[in-house]
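Here is a short report on a predicted model. Please look at the sequence and the structure before reading on.

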Amino acid sequence: MDTDLQRAVSQWLAEADPRPGEVWAEWEKHGVALLPLGRRFDAIRIEADRVHDAVGSDEPQTVATALREWVDGPVIRDFRSSAGPYYVLIAPGAHWAGPAERLTTGTYLGVPRPGHSTMLSRWVVLPRHPGALCDSRYAHALLATATPLRTVGR
């Protein structure tokens, strides 16, 4: 991602908070900032095992490629544990009736600064442009694939 586009995406993300300057300060200090959900985007929290079952791998580059093609939008991975979940970013008003938990208003998500990695979390798939989000139907299809694969594999 070129630096102008990265800056534009970062600004769009920072404006999810009413105090975008504080988001930038947190990114500078910690590399990650807690952003409120429900304003610019919501997140679907998906267990790592479900994602890995659906894509047939837990290898980071394979997972990133599969998610980029499958959900066609931004995904963050939490690395605070080896089983850290994935967060698929969707529009606040998007329909969601899937088996994974939707996080929205009243919840904060640790969002790493685009183009930077932290020990806590990192982008698996960066937003392609400001406002680019995943289609919740694609996330639902991913989870619908993971369930039968999990059953067969056990």
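P36 stands opposite Y108, a residue of β6. Strand β6 covers residues 108-112 and runs antiparallel to β1. The two strands are joined by 5 bridges. Strand β1 is largely enclosed by the rest of the structure, because 4 of its 5 residues are buried.

**Aromatic pairs**

How many aromatic pairs are there? The count comes to 2. The table sets them out.

| Pair | Centre to centre | Angle between planes | Arrangement |
|---|---|---|---|
| W12 and F41 | 6.0 Å | 35° | tilted |
| W24 and W27 | 5.2 Å | 90° | edge-to-face |

Why does the pair of W12 and F41 count as tilted? Its planes stand at 35°, and angles that are neither under 30 degrees nor over 60 count as tilted. This pair links distant parts of the chain. W12 belongs to helix α1, residues 3-14. F41 sits in the loop between β1 (32-36) and β2 (42-46). The two residues are 29 residues apart. Are W12 and F41 buried or exposed? Both W12 and F41 are buried.

The pair of W24 and W27 lies within helix α2, residues 20-30. Here the partners are 3 residues apart, about one turn of the helix. W24 and W27 are both buried.

**Charges over rings**

W24 has a further neighbour: R7 lies over the face of its ring, 4.6 Å from the ring centre. Which ring does R122 sit over? The charged end of R122 is placed over the ring of F79, at 4.4 Å from the centre.

Note on methods: Residues are numbered from 1 along each chain as its sequence is written. This is a predicted model: local features need pLDDT of at least 70, side-chain atom pairs count only at pLDDT 80 or more; totals for chains, interfaces and linings use all residues. Side-chain values use heavy atoms; hydrogens and water are left out. Rings of Phe, Tyr and Trp (its six-membered ring) pair if their centres lie within 6.5 Å; planes under 30 degrees apart count as stacked, over 60 as edge-to-face and the rest as tilted. Buried means under 20% relative accessible area, exposed over 50%, partly exposed in between (1.4 Å probe, protein chains only). A charge sits over a ring if NZ of Lys or CZ of Arg is within 6 Å of the ring centre and within 35 degrees of the ring normal. Two strands pair if DSSP finds at least two bridges between them.
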